[in-house]
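Thanks for coming, everyone. I'd like to walk you through a structure that will be new to most of you, so let's get it up on the screen.

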Amino acid sequence: MDLFDKCERRSLADEARDKGIYPYFHALESRQDTVVQMEGKRRIMLGSNNYLGLTTDPAVMEAGRLALERYGTGCSGSRFLNGTLEMHLELEAELAGFLHKDQAVCFSTGFQSNLGIISALIGTRDYVICDRENHASIYDGCKLSYGKMLRYRHSDMADLERKLAQVPQGSGCLIVTDGVFSMGGDIANLPEIVRLARAYGARVMVDDAHGLGVIGQGGRGTASHFGLEDQVDIIMGTFSKSLASLGGFMVASSRVADYVRHTSRPFIFSASIPPVACAVALEALRQLRKRPELVDRLASLAAYARNGLQARGLPVRPSTTPIVPIYTYDTIATLVKAKALYEAGVYVNPVLPPATPEGECLLRTSYMASHTEALLDEAMDIIAAVLLPKA
């Protein structure tokens, strides 16, 4: 068989293109904001992870401009060698302080962070146990490691305990969970995960890509939300969501951070975060520290949208975060509805298998602290007009 035979087979992407409902790679012609210009038309943006609205914040943009003038466009090397800026160390120190851990390690992308952390820590005789709805980067980090991965049913603590019981005595074990699940918007049952981890001698890692800046005291994430910062061993996060930039990080004890820093191949063999991205993330973090009211505003707007969608009769999946999914169930029907909303002026993300189980497709809506109630009312009226059956 020729290697490229798989490329010639018809796919869902081909079918969607044929039907005119292909949903991907729409091109922005403006800033990432609450309202965008996309392919020649105004669209209300309900598909961004820019939770705090900081991508257009003047102080954040100015920090990026100054870094470009001072440091140039890139570091042209890994953190191990010539690629560490003083600003990288400053960002790591402030992240560790904000999240109440000893040290931070910054990676060039969020995806790379999970690859780098998990593959460094999970050795030949170790086990990593994952929630089935964890992010793809966690799964790939497990594949890159030399250990064994076990999966438990989503948020099923009894199943987690069954998996923990399978880990042989003498093996190391890491439980990895999303803090806020990126598609459903639900929050991990961290108190029970921590309890089981302590009972079975496991460690806990939380991917807080969608929790940082969203929940917890002052936006400190899932561990803070439950008052368990001292019980979670590793917190991973990204700069591409609430912190309006690009990159990722981990915070942990000094010894764990130092071990990852010296053994993680994705960290050692990648160029460091460019100066502009580093400066933007650092200033966004400082804005979060100075303006915790942004987190409260985000929660208020998310509740406003959730209640408004429900009041209009839309089948909303329960959540308490700025990720509010609308059930659409069937794959093709979901693509048709996403296309209709796009044409009507609202951008949302269709979520299809394998990101959801078969028959549980969603339209993922997400909200920013910079939205207004009036704009959300406009968007929700459009969504109701498009999705609900006509009388």
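I'll go through some strands, then a small sheet, then the pockets and cavities.

Quick housekeeping before that. This is a predicted model, so to speak of local features we need pLDDT of at least 70, and side-chain atom pairs count only at pLDDT 80 or more, while totals for chains, interfaces and linings use all residues. Residues are numbered from 1 along each chain as its sequence is written, and side-chain values use heavy atoms, with hydrogens and water left out.

When I say helix or strand, I mean a DSSP run, H or I of at least four residues for helices and E of at least two for strands, numbered from the N terminus. Two strands pair if DSSP finds at least two bridges between them. In general, strands of a sheet pair through backbone hydrogen bonds, either parallel or antiparallel.

OK, strand 4, residues 127–131. Is this strand enclosed or open? All five of its five residues are buried, so strand 4 is largely enclosed by the rest of the structure. Buried here means under 20% relative accessible area, exposed means over 50%, and partly exposed is in between, with a 1.4 Å probe and protein chains only. Tyr-127, Ile-129 and Asp-131 point one way from strand 4, while Val-128 and Cys-130 point the other way. Its parallel partner is strand 5, residues 148–152, with five bridges between them. Across that pairing, Cys-130 stands opposite Arg-151.

Strand 9, residues 248–252, is mostly covered too, with five of its five residues buried. Gly-248, Met-250 and Ala-252 sit on one side, and Phe-249 and Val-251 on the other. Strand 9 runs antiparallel to strand 3, joined by five bridges, and Phe-107 stands opposite Gly-248 there. Strand 8 also runs antiparallel to strand 9, this time with four bridges, and Ile-235 has Val-251 as its bridge partner.

Let's stop at one residue in strand 3, Gln-103. Why does Gln-103 count as partly exposed? Because its relative accessibility is 26%. Leaving out residues up to four places away in sequence, Gln-103 touches several others, including Met-250, Val-251 and Ala-252 from strand 9; touching, or contact, means heavy atoms within 4.5 Å. Gln-103 and Ala-93 are 10 residues apart in sequence, and their C-alpha atoms are 6.7 Å apart in space.

Now the small sheet. Three strands make an open, antiparallel sheet in the order 10-13-12. Strand 10 (323–329) and strand 12 (349–351) are the edges, each pairing on one side only. From one strand to the next, the twist averages 30 degrees. Strand 13, residues 361–366, shares six bridges with strand 10, and Tyr-327 pairs with Leu-362. Helix 14, residues 331–344, lies across strand 10, strand 12 and strand 13, at about 30 degrees to strand 13. Those angles run from 0 to 180 degrees between N-to-C directions, using axes fitted to C-alpha atoms, for helices over the stretch in contact.

On to the empty space. A cavity is a set of points on a 1 Å grid over the protein atoms alone where a 1.4 Å probe fits but cannot get out; a pocket is an open set with protein on both sides within 12 Å along at least five of seven lines, and lining residues have an atom within 4 Å of a point. Grid points are joined across faces, edges and corners, and a volume is the space filled by probe spheres set on the points.

How big is the largest pocket in volume? It comes out at about 1,200 Å³. Its lining has 49 residues, and His-135, Ser-182, Met-183, His-210 and Ala-355 lie nearest the centre. Helix 5 (110–121), helix 6 (136–144), strand 8 (234–238) and strand 12 each give two or more residues to that lining.

The second largest pocket holds about 360 Å³ and has 17 lining residues. Strand 6 (173–178) and helix 10 (254–263) each supply at least two of them.

Last, there are three cavities of 30 Å³ or more. The largest has about 90 Å³ of space, and helix 14 gives the most to its lining, with three residues. The second largest is about 60 Å³, and Phe-107 turns up again among the residues lining that cavity.
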